[in-house]
Amino acid sequence: MAPLSKLQGKYDYICIGGGSAGVASSRRAASYGKKVALIESSPYLGGTCVNVGCVPKKIMWHAADLADRLRHASKGYHFENVPPPQFNWASFKPQRDAYIRRLNAIYEKNLEKEKVDYYGGTARLVSPNEIQITPSDGGEPYVIAGDYITVATGGRPTVPSDDEIPGASLGIDSDGFFDLEDQPKRVAVVGAGYIAVELAGVLHTLGSETHILIRRERVLRTFDPILQDTLTPWMEHTGINIHKNTSVTKVEGQKGSELTVHLNDGTQLKVDCVLWAIGRHANTEGLGLEELGIQLNKRGDVDVDEFQKALFVESKPQLENIFAVGDIQGKALLTPVAIAAGRRLSNRLFGPEKFRNDKLSYENIPTVVFSHPTIGTVGLTEPEARQKYGSAVKIYKSSFRSLYFSQIEEEHKEPTVYKLIVVGEEERVVGVHIIGQGSDEVLQGFAVAVKMGARKQDLDDTVAIHPTSAEGE
């Protein structure tokens with residue numbers, strides 16, 4: 001289905017943004033028989049997750065994980081004639097990209113199947129019910145109208161300006177990582193969050209000389225301390241060069257050639273690629289939000305209430321028909337969150353009576369980090385729990401090695417650490433934080449338990465599956 005290029009009548013519902021939130025919300029609204037439109041400015045549906053996020057990132061993680069398994073196969077598990085892994089980035093990238101294009105086509109087909117009108121172009125709110133579309137093909141702008149409007153334009157990586165850090169534009173961001181035609185031999189990843197950790201892990205495991213530059217002592221500073229304290233030294237042990245208490249003062253060179261990264265301690269790094277992974281910010285520019293009086297916080301996110309309704313500054317009318325879903329509202333920047341919030345919003349607006357108060361709870365949202373080894377986490381961190389519950393907090397921890405590593409040389413045995421945070425005499429579980437092989441898959445079941453208010457005794461009363469890492473919980 002090619003994007004439409006002219007008005008198809010007035011709509012019950014319009015979604016601006018064809019990523020996870022917009023597609024999920026528009027399709028759910030259409031399933032209730034509503035006339036729905038979706039506007040997307042890029043050539044490809046699916047947003048960050050499909051195009052430059054979760055999906056291609058996990059594919060690259062699988063490639064890196066496979067490289068590790070090949071290394072283990074010969075020495076640890078005595079497979080013969082297994083050569084050292086040599087990854088061909090240049091031939092793998094087109095194959096990976098072709099898979100993503102297939103997903104884009106599936107997204108488009110699903111919109112067509114649900115009878116969602118898809119417009120290609122940039123959108124701007126010109127009134128509480130009207131959106132001007134400037135077509136991607138350069139055609140004349142036109143206006144469509146709808147009773148309800150949801151803004152779901154997502155976010156993008158933050159990169160310092162050349163005024164802030166001279167030469168910063170010589171680097172790439174996480175989007176640019178997926179544009180790389182060849183694997184960089186030497187790379188400096190700037191940042192300590194999960195994106196920096198994941199991409200540094202992939203690059204290192206696939207054979208790049210990898211440096212990660214962090215402002216403090218540990219990676220993943222917003223995660224539970226046990227995850228920080230386990231992963232940081234393990235990354236160093238595997239050969240990733242972690243430069244602590246470090247910031248970049250200048251980058252010199254030319255894109256595509258050797259770059260010189262100047263650090264705050266006066267030292268320099270010679271690399272082929274600088275990758276900025278220092279955070280993300282919302283795509284709110286040019287949408288006409290502030291002209292309508294929609295309130296943005298100091299980070300530039302759209303402020304919303306518990307039902308995803310956009311909040312307005314006091315001097316403007318408090319409209320009831322404009323919403324914001326997904327990364328643009330700045331909370332829990334995760335694909336499943338965007339999908340769930342978008343669907344619940346459409347349930348409430350257009351669904352049966354039982355959904356009249358439907359909304360997403362932003363508590364106890366599970367997430368994983370595709371590091372080496374992987375991480376899973378849900379609920380409160382220990383500092384958060386102690387701040388909220390004080391002395392009622394109790395910690396249970398277990399450290400071990402996955403059975404897989406029993407046949408691997410000692411220096412290559414990945415750590416596994418499981419941590420439960422419980423409160424009160426009933427020992428209700430308020431946090432689960434795990435790192436180790438398979439943690440990304442293990443966590444989902446424990447997230448359900450936390451969401452249901454499980455006690456530690458409930459976990460103890462459940463017969464373990466043996467031999468698995470999950471029984472260590």
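Gly 376 stands opposite Ile 434 in strand 20, and that pair is where I would like to start, within the antiparallel pairing that strand 17 (residues 375-379) and strand 20 (residues 428-435) form over five bridges. When I speak of strands and helices, I mean DSSP runs numbered from the N terminus, with helices being H or I runs of at least four residues and strands being E runs of at least two, and two strands count as paired if DSSP finds at least two bridges between them.

Before going further, I should say that this is a predicted model, in which local features need pLDDT of at least 70 and side-chain atom pairs count only at pLDDT 80 or more, while totals for chains, interfaces and linings use all residues. Residues are numbered from 1 along each chain as its sequence is written, and side-chain values use heavy atoms, with hydrogens and water left out.

Strands 17 and 20 belong to an open sheet of five strands, with antiparallel pairing and the order 16-17-20-19-18. At its edges stand strand 16 (367-369) and strand 18, each with a single partner strand, so one side of each has no neighbour in the sheet. From one strand to the next the twist averages 15 degrees, where axes are lines fitted to C-alpha atoms, for helices over the stretch in contact, and angles run from 0 to 180 degrees between N-to-C directions. Helix 10 (residues 382-389) lies across strands 17, 18, 19 and 20, and runs at about 165 degrees to strand 18.

Now to two serines. Ser 402 lies in the loop between strand 18 (393-400) and strand 19 (416-423); is Ser 402 buried or exposed? Ser 402 is buried, because its relative accessible area is 8%, and buried here means under 20%, exposed over 50% and partly exposed in between, using a 1.4 Å probe and protein chains only. Not counting residues up to four places away in sequence, Ser 402 touches Thr 416, Gln 437 and Ser 469, a contact being heavy atoms within 4.5 Å.

Ser 469, in turn, lies in the segment after helix 12 (456-461) and is buried as well, with a relative accessible area of 13%. Leaving aside neighbours within four places in sequence, Ser 469 is in contact with Phe 400, Ser 402, Tyr 418 and Gln 437. Of these, Tyr 418 is 51 residues from Ser 469 in sequence, and the two are 9.4 Å apart in space, C-alpha to C-alpha.

Let me turn to another sheet, an open one of four strands in the order 9-8-7-13, with parallel pairing. Its edge strands are strand 9 (241-243) and strand 13 (273-276), each of which pairs on one side only, and the twist averages 20 degrees from one strand to the next. Strand 7 (residues 186-190) and strand 8 (residues 209-213) pair in the parallel sense over five bridges, and the bridge partner of Val 190 in strand 8 is Leu 213. Helix 6 (residues 194-205) packs on this sheet, touching strands 7, 8 and 13, and its direction makes about 165 degrees with that of strand 8.

Finally, strand 1 (residues 11-16) is mostly covered, with five of its six residues buried. Which residues are the bridge partners of Ile 14 in strand 5 and in strand 2? In strand 5 (residues 142-151), which pairs with strand 1 in the parallel sense over five bridges, the partner is Ile 149, whereas in strand 2 (residues 36-40), paired in the parallel sense over four bridges, the partner is Ala 37.
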